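Dear colleague,

I am passing on the structure we talked about, and below it you will find notes on what turned up. Please read them with the structure open beside you.

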Amino acid sequence: AYGVAAALRRGSARREVIGLSSARHRAFAASLGVYDRVLEYGDLAAIAADTAVVHVDIAGGGQVRAALAERLGGGFKLDLGVGMTHGRAAGPRPAVRSEMFFAPAWLLRRGRERGPGFVGELVAGWQALLGGADSHFRVERGVGAEAVLAVHHALVAGGASPEVAHVLTL
């Protein structure tokens, strides 16, 4: 979510970038400096009903998708599934254009569209993103199945810290 928001903020077409977060992680998300505003999942009424929205779904949360579809109607332009941090893609997809993002296919397509300079653009964007990340995140490394399971269980139980980036190796 941080990377998507940071990239949108750097883009030439200026749009409002709204982060959606749990109450527990809202302050952290707001502290990242990549969102124009951060709302809790239950505060979707703060988005004007006539707003055109593209929802980049990192969590796979069906309840949020359904609430956005109800709130925005025809203003809900695209539901782009990127991840399933909540464990699985829950609930039906709204009756709007819906796509799943698959990075390898995107990289191939954009490389063909942009030509030889694409790799340089990608590297520059990645470096810009990572340049500020160390002030917000800390990396914790783990090795082995026990380490992977421990992090998985913490995530599922909702006890993981948003500022920790886990790098795990089986």
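A residue is called buried when its relative accessible area is under 20%, exposed when that area is over 50%, and partly exposed in between. Please keep in mind throughout that this is a predicted model.

With that cut-off, Tyr2 counts as buried, because its relative accessibility is 15%. Phe137, by contrast, has a relative accessible area of 22% and is therefore partly exposed.

These two residues also belong to the aromatic pairs, of which a search of the whole structure finds four. The ring centres of Tyr2 and Phe137 are 5.1 Å apart and the ring planes meet at 70°, so this pair is edge-to-face. Since Tyr2 sits in helix 1 (residues 2-10) and Phe137 in the loop between helix 5 (118-133) and strand 6 (138-143), the pair ties together parts that are 135 residues apart in sequence. Tyr2 and Phe137 form one aromatic cluster together with Phe28.

Another of the pairs is made by Trp106 and Phe118, whose ring centres lie 5.9 Å apart with planes at 65°, so that this pair is edge-to-face as well. Here Trp106 comes from helix 4 (residues 103-114) and Phe118 from helix 5, so the parts tied together are 12 residues apart in sequence. Phe118 counts as buried, at 8% relative accessibility, while Trp106 is partly exposed, with a relative accessible area of 26%.

Next, please turn to Lys77, which lies in strand 4 (residues 76-81). Its relative accessible area is 46%, and Lys77 is therefore partly exposed. If neighbours within four places in sequence are left aside, Lys77 is in contact with Ala52, Val53 and Arg97. In addition, a polar atom of the Lys77 side chain lies 3.1 Å from the backbone oxygen of Gly74. Leu168 is 91 residues away from Lys77 along the chain, and the C-alpha atoms of the two are separated by 36 Å.

Finally, there is a small check that you can follow yourself on helix 6 (residues 145-156). How far should its 12 residues span at 1.5 Å a residue? The expected span is 16 Å, and because the end C-alpha atoms of helix 6 are 16 Å apart, the two values agree. Just after helix 6, Gly158 takes a positive phi of about 80°.

With best wishes

Methods:
Residues numbered from 1 in each chain as written. Heavy atoms only, no water. Helix = DSSP H or I, 4+ residues; strand = E, 2+ residues; numbered from the N terminus. Expected span 1.5 Å × (residues − 1). Buried < 20%, exposed > 50% of the residue type's maximum accessible area, 1.4 Å probe, protein only. Contact = heavy atoms within 4.5 Å. Polar contact = N/O pair within 3.5 Å; in protein donor to acceptor, adjacent residues only side chain to side chain. Phe/Tyr/Trp six-rings, centres within 6.5 Å; stacked < 30°, edge-to-face > 60°.
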